[in-house]
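Student: I should like to learn how the features of a structure are read. May we look at one together and begin with the terms?

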Amino acid sequence: MNHYCDLAPGHPFHGPYHDHEYGFPVDDDRTLFERLVLEINQAGLSWLTVLKKREAFRVAFEGFDIDRIAGYGEAERARLLADAGIIRNRLKVDAVIHNAGVVQALQAEHGSLRDWLDHHHPLPHADWIKLFKRTFRFTGPEITGEFLMSTGYLPGAHRDDCPVQARILEAGPHWDEGRRPLL
């Protein structure tokens, strides 16, 4: 089985994502929400399809503005379902809108989506899955795992011998917190 570290380098879409985003810790809620939206939309499709449509997603979802998306009504839902640049799946569109409202509630209670994630970290993968299923829509084991790996909460995004892994470790991923010496 090929690993993403074997397939991505040099690829016009996978390469930049692999080298500069995948597995690195994420601090801001818009980027965290974007990753969740992309993972939800990848379900049943290839990651390449999602990466090719990423800019269209940014435009369609107004830069992943959580407050604006949480306020979407039927007109915005219809606009999204008619947008050939994104993945036009009603369940996924509805999940994104619903989950934006969930993120607003998490921000109100915890300060930010990141603080909510930090509050629950570390959890075993199975417990993360249960938490995400209770909290969000359209988040099964694969979506939850990939979201958490892509944002530095779970290990496994890169092989240990991948040159990007060293940069991720320097950036201080959440999953490595107990293993790093405190400075």
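Tutor: We begin with a term for accessibility: a residue is called buried under 20% relative accessible area, exposed over 50%, and partly exposed in between. Please bear in mind that this is a predicted model.

Student: Is Glu-62 buried, exposed or partly exposed?

Tutor: Glu-62 has a relative accessibility of 28%, so it counts as partly exposed. Its place in the chain is the loop between helix 5 (54–60) and helix 6 (66–70).

Student: What is notable about the phi of Glu-62?

Tutor: The general idea comes first. Most residues other than glycine have a negative phi, and most peptide bonds are trans. Glu-62 is not a glycine, yet its phi is positive, at about 50 degrees. Phe-64, also not a glycine, has a positive phi of about 60 degrees. Phe-64 likewise lies in the loop between helix 5 and helix 6.

Student: Is Phe-64 buried or exposed?

Tutor: Phe-64 counts as buried, because its relative accessibility is 2%. For a glycine with a positive phi, one may turn to Gly-172, which follows just after helix 12 and has a phi of about 75 degrees.

Student: Which residues does a cis peptide bond join?

Tutor: The cis peptide bond joins His-121 and Pro-122, with omega at about -5 degrees. Pro-122 is located in the loop between helix 9 and helix 10.

Student: How does one read the sides of a helix?

Tutor: An α-helix has 3.6 residues a turn, so residues three or four places apart point the same way. In helix 12 (residues 163–171), the buried residues are Val-164, Gln-165 and Ile-168. Viewed down the axis of helix 12, these buried residues fall within an arc of 100 degrees, so they line one face of the helix. Pro-163 and Glu-170 are exposed on the other side of helix 12. The cover over the buried residues of helix 12 includes helix 2.

Student: Which residues of helix 9 are buried?

Tutor: In helix 9, Leu-113, Trp-116 and Leu-117 are buried. They lie on the same side of helix 9, because they cover an arc of only 100 degrees around its axis. The buried residues of helix 9 pack against helix 3, helix 8 (90–110), helix 10 (125–135) and helix 11 (141–150).

Student: At what angle do the axes of helix 3 and helix 9 cross?

Tutor: The axes of helix 3 (residues 29–42) and helix 9 (residues 113–120) cross at roughly 75 degrees and come within 8 Å. Angles of 65 to 115 degrees count as roughly perpendicular, and helix 3 and helix 9 are therefore roughly perpendicular to each other.

Student: Which residues of helix 3 and helix 9 meet?

Tutor: From helix 3, Asp-29, Leu-32 and Phe-33 meet Leu-113, Arg-114 and Leu-117 of helix 9. By class, this contact of helix 3 with helix 9 has four nonpolar and two charged residues, and no polar ones.

Student: How should one read distance along the chain against distance in space?

Tutor: Two separations are set side by side. The C-alpha atoms of Asp-27 and Ser-112 are separated by 9.5 Å, and these residues are 85 residues apart along the chain. Asp-27 lies in the loop between helix 2 (14–20) and helix 3, and Asp-27 is exposed, with a relative accessible area of 52%. In a second pair, Ile-97 and Phe-147 are 50 residues apart in sequence and 17 Å apart in space, C-alpha to C-alpha.

Student: What does Ile-97 touch?

Tutor: Leaving aside residues up to four places away in sequence, Ile-97 touches Ile-69, Ala-70, Tyr-72, Arg-77 and Leu-80. Ile-97 belongs to helix 8 and is buried, with a relative accessible area of 7%.

Student: How many disulfides are there?

Tutor: A disulfide is a covalent bond between the sulfur atoms of two cysteines. The cut-off for the pair of sulfur atoms is within 2.5 Å, and by this rule the count is zero disulfides. Cys-5 is in no disulfide, and the nearest cysteine sulfur, that of Cys-162, is 3.6 Å away.

Student: Why is Cys-162 not bonded to Cys-5?

Tutor: The closest cysteine sulfur to that of Cys-162 is in Cys-5, and the 3.6 Å between them is too far for a bond. Cys-5 is buried, with a relative accessible area of 8%, and Cys-162 also counts as buried, at 5% relative accessibility.

Notes:
Residues numbered from 1 in each chain as written. Predicted model: local features only at pLDDT ≥ 70, side-chain atom pairs only at ≥ 80, totals over all residues. Heavy atoms only, no water. Buried < 20%, exposed > 50% of the residue type's maximum accessible area, 1.4 Å probe, protein only. Axes fitted to C-alpha atoms, helices over the stretch in contact; angles between N-to-C directions. Helix = DSSP H or I, 4+ residues; strand = E, 2+ residues; numbered from the N terminus. Parallel < 35°, antiparallel > 145°, perpendicular 65-115°, else oblique. Contact = heavy atoms within 4.5 Å. Nonpolar A, V, L, I, M, F, W, Y, C, P; charged D, E, K, R; others polar. Arc of directions from axis to C-beta.
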